[in-house]
Amino acid sequence: LKDGKLVACFLMRSASQDENLKPLSSPIYPIIAFYPADTNAVTDNIEALTSILLWLKEKGFRKVWFRAPPAKAWFLDKAVGVTKRFVCSYPGEEYRRKHGIPKAWEVFEVQLP
């Protein structure tokens with residue numbers, strides 16, 4: 001929240017399934033799902049994302065996984081000091097084709113600053 005207005009929403013969770021929803025041998029944590037509440041508030045969204053990443057670093061995490069809606073991963077490029085590596089689309093193409101889901105989220109491995 002900023003000035004009583006919702007800027008962005010982050011959901012943190014672990015993943016126990018791969019991009020095609022098949023079980024992983026060991027869960028991945030944390031995965032951050034990013035929902036910009038107001039896409040016009042770019043600076044506020046970037047500040048919110050940077051804050052959550054720095055908070056995770058303070059908690060001892062060296063890397064996280066970041067899941068963003070299509071065409072929203074560029075927010076990561078603006079966050080302070082992080083590097084990202086594309087991992088997969090989620091759900092994967094096989095699952096989307098089977099269930100008629102047109103768009104996937106982009107998943108990145110993010111090294112914290």
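Which residue in E2 stands opposite Arg13? Ile31 in E2 stands opposite Arg13. The exercises below build outward from that pairing.

This is a predicted model, in which local features need pLDDT of at least 70, side-chain atom pairs count only at pLDDT 80 or more, and totals for chains, interfaces and linings use all residues. Residues are numbered from 1 along each chain as its sequence is written, and side-chain values use heavy atoms, with hydrogens and water left out.

**Exercise 1. Lay out the sheet.**

Task: give the strand order and name the edge strands.

Step 1. Identify the elements. Helices (H or I, at least four residues) and strands (E, at least two) are DSSP runs, numbered from the N terminus.

Step 2. Set the order. Five strands make an open sheet, E1-E2-E3-E5-E4, with mixed pairing. Two strands pair if DSSP finds at least two bridges between them.

Step 3. Find the edges. Strand E1 (8-17) and E4 each pair on one side only, which makes them the edge strands.

Step 4. Add the twist. From one strand to the next, the twist averages 30 degrees. Axes are lines fitted to C-alpha atoms, for helices over the stretch in contact, and angles run from 0 to 180 degrees between N-to-C directions.

Step 5. Place the helix. H1 packs on the sheet and touches E1, E2 and E3. The direction of H1 makes about 45 degrees with that of E1. Contact means heavy atoms within 4.5 Å.

**Exercise 2. Compare the two pairings of E2.**

Task: state how E2 runs relative to E1 and to E3.

Step 1. Take E1 and E2. They run antiparallel and are joined by eight bridges. Phe10 stands opposite Phe34 in E2. Cys9 has Tyr35 in E2 as its bridge partner.

Step 2. Take E2 and E3. They run parallel, with three bridges. Ala33 has Arg67 in E3 as its bridge partner.

**Exercise 3. Examine the turn and the cis bond.**

Task: describe Leu21 and its surroundings.

Step 1. Locate the residue. E1 and E2 form a hairpin with five residues between them, and Leu21 in the turn has a positive phi of about 65 degrees. Most residues other than glycine have a negative phi, and most peptide bonds are trans.

Step 2. Check exposure. Leu21 has a relative accessible area of 26% and is partly exposed. Buried means under 20% relative accessible area, exposed over 50%, partly exposed in between (1.4 Å probe, protein chains only).

Step 3. List contacts. Beyond neighbours within four places in sequence, Leu21 is in contact with Tyr90 and Tyr95.

Step 4. Turn to Pro91. Leu21 and Pro91 lie 70 residues apart in sequence but 7.0 Å apart in space, C-alpha to C-alpha. The peptide bond from Tyr90 to Pro91 is cis, with omega near -5 degrees. Pro91 sits in the loop between E4 and helix H3 (93-99).

**Exercise 4. Analyse the aromatic pair.**

Task: classify the ring pair and say what it links.

Step 1. Search. The whole structure holds one aromatic pair.

Step 2. Classify. The ring centres of Phe86 and Phe108 are 5.5 Å apart and the planes are at 75 degrees, so the pair is edge-to-face. Rings of Phe, Tyr and Trp (its six-membered ring) pair if their centres lie within 6.5 Å; planes under 30 degrees apart count as stacked, over 60 as edge-to-face and the rest as tilted.

Step 3. Trace the link. Phe86 lies in strand E4 (residues 83-90) and Phe108 in strand E5 (residues 105-111), so the pair ties together parts 22 residues apart in sequence.

Step 4. Check burial. Phe86 is partly exposed at 43% relative accessibility, whereas Phe108 is buried at 6%.

**Exercise 5. Find charges over rings.**

Task: name the charged residues that lie over Trp105 and Phe108.

Step 1. Apply the test. A charge sits over a ring if NZ of Lys or CZ of Arg is within 6 Å of the ring centre and within 35 degrees of the ring normal.

Step 2. Read off the cases. Arg67 lies over the face of Trp105, 4.9 Å from the ring centre. Lys84 lies over the face of Phe108, 4.6 Å from the ring centre.

Step 3. Characterise Arg67. Arg67 is buried, with a relative accessible area of 14%. Its contacts beyond four places in sequence include Arg13, Ile31, Tyr90 and Trp105.
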